[in-house]
Structure formats: C-alpha cells, structure tokens
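Reader: I have just opened this one and would love a close look at a single part, the strand pairing. Please take me through it step by step, with the cut-offs as you go.

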Amino acid sequence: MEERSLQIIRDTLPAEWVVRDYKPDYGIDIAVELFAHIDGSESITETLGEWFFAQVKSVATTRIQSLKAYP
C-alpha cells in the first residue's frame, strides 16, 4: 500500500513540483520542492526555494481535497 500511496501523492500534486523519497525513513517519507512556471507557454519552470516534508500514511480509501498553506 505504501507504493500506491506515494503514487497517489505524485499524481495529485502539480506536475512541476518535485517529489523526492526521504531515506532513511525516520518519520519523514518525502520531501517536495515547489517549482513554478516562469513563461506564458508553461514550458520553463524554476524553483521557488520552498520545500515541505511529509509523512505518508496508507489507508484503504481516501478523499482528496485542496488546502491553503500560509507563510
């Protein structure tokens, strides 16, 4: 279930964000680096210099929703 959970996260986050496995696993499973498009055609991205770290939990069913993060 862990691999499926990680795939759901990768499929749900914006394609330009980079998800990296965080090993060894001591509670943090992934590190996500945020990137944004810098051109009108959305073909060039650059890092925002922002990261977040997450612990992934596996469950039989899930509900995907958007959350707003504040600085």
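Author: Happy to: two strands pair if DSSP finds at least two bridges between them, and helices (H or I, at least four residues) and strands (E, at least two) are DSSP runs, numbered from the N terminus. This is a predicted model, where local features need pLDDT of at least 70 and side-chain atom pairs count only at pLDDT 80 or more, while totals for chains, interfaces and linings use all residues. Residues are numbered from 1 along each chain as its sequence is written, and side-chain values use heavy atoms, with hydrogens and water left out.

Let's start with strand 2, residues 30–37. Strand 1 (residues 18–21) runs antiparallel to strand 2, and 4 bridges join them. Strand 3 (residues 45–54) is also antiparallel to strand 2, with 8 bridges between them. V32 is a good residue to click on: V19 has V32 as its bridge partner in strand 2, and V32 in turn is partnered by F52 in strand 3. Strand 2 is mostly covered, with 6 of its 8 residues buried; buried means under 20% relative accessible area, exposed over 50%, and partly exposed in between (1.4 Å probe, protein chains only).

Now for the charged side chains. A salt bridge here is a side-chain nitrogen of Lys or Arg within 4 Å of a carboxyl oxygen of Asp or Glu, and that rule gives 2 salt bridges. In one of them, E33 meets R20 at 2.9 Å, N to O. Because E33 sits in strand 2 and R20 in strand 1, this pair ties together parts 13 residues apart in sequence. E33 is buried, at 11% relative accessible area, whereas R20 is partly exposed at 36%.

D21 forms a salt bridge with R10, with the closest N and O atoms 3.0 Å apart. Here D21 belongs to strand 1 and R10 to helix 1, so parts 11 residues apart in sequence are tied together. D21 is partly exposed, with a relative accessible area of 44%, and R10 is partly exposed too, at 32%.

From R10 you can follow helix 1, residues 2–12, back to S5. S5 counts as buried because its relative accessibility is 11%. Leaving aside residues up to four places away in sequence, S5 touches V56, K57 and S58, where contact means heavy atoms within 4.5 Å.
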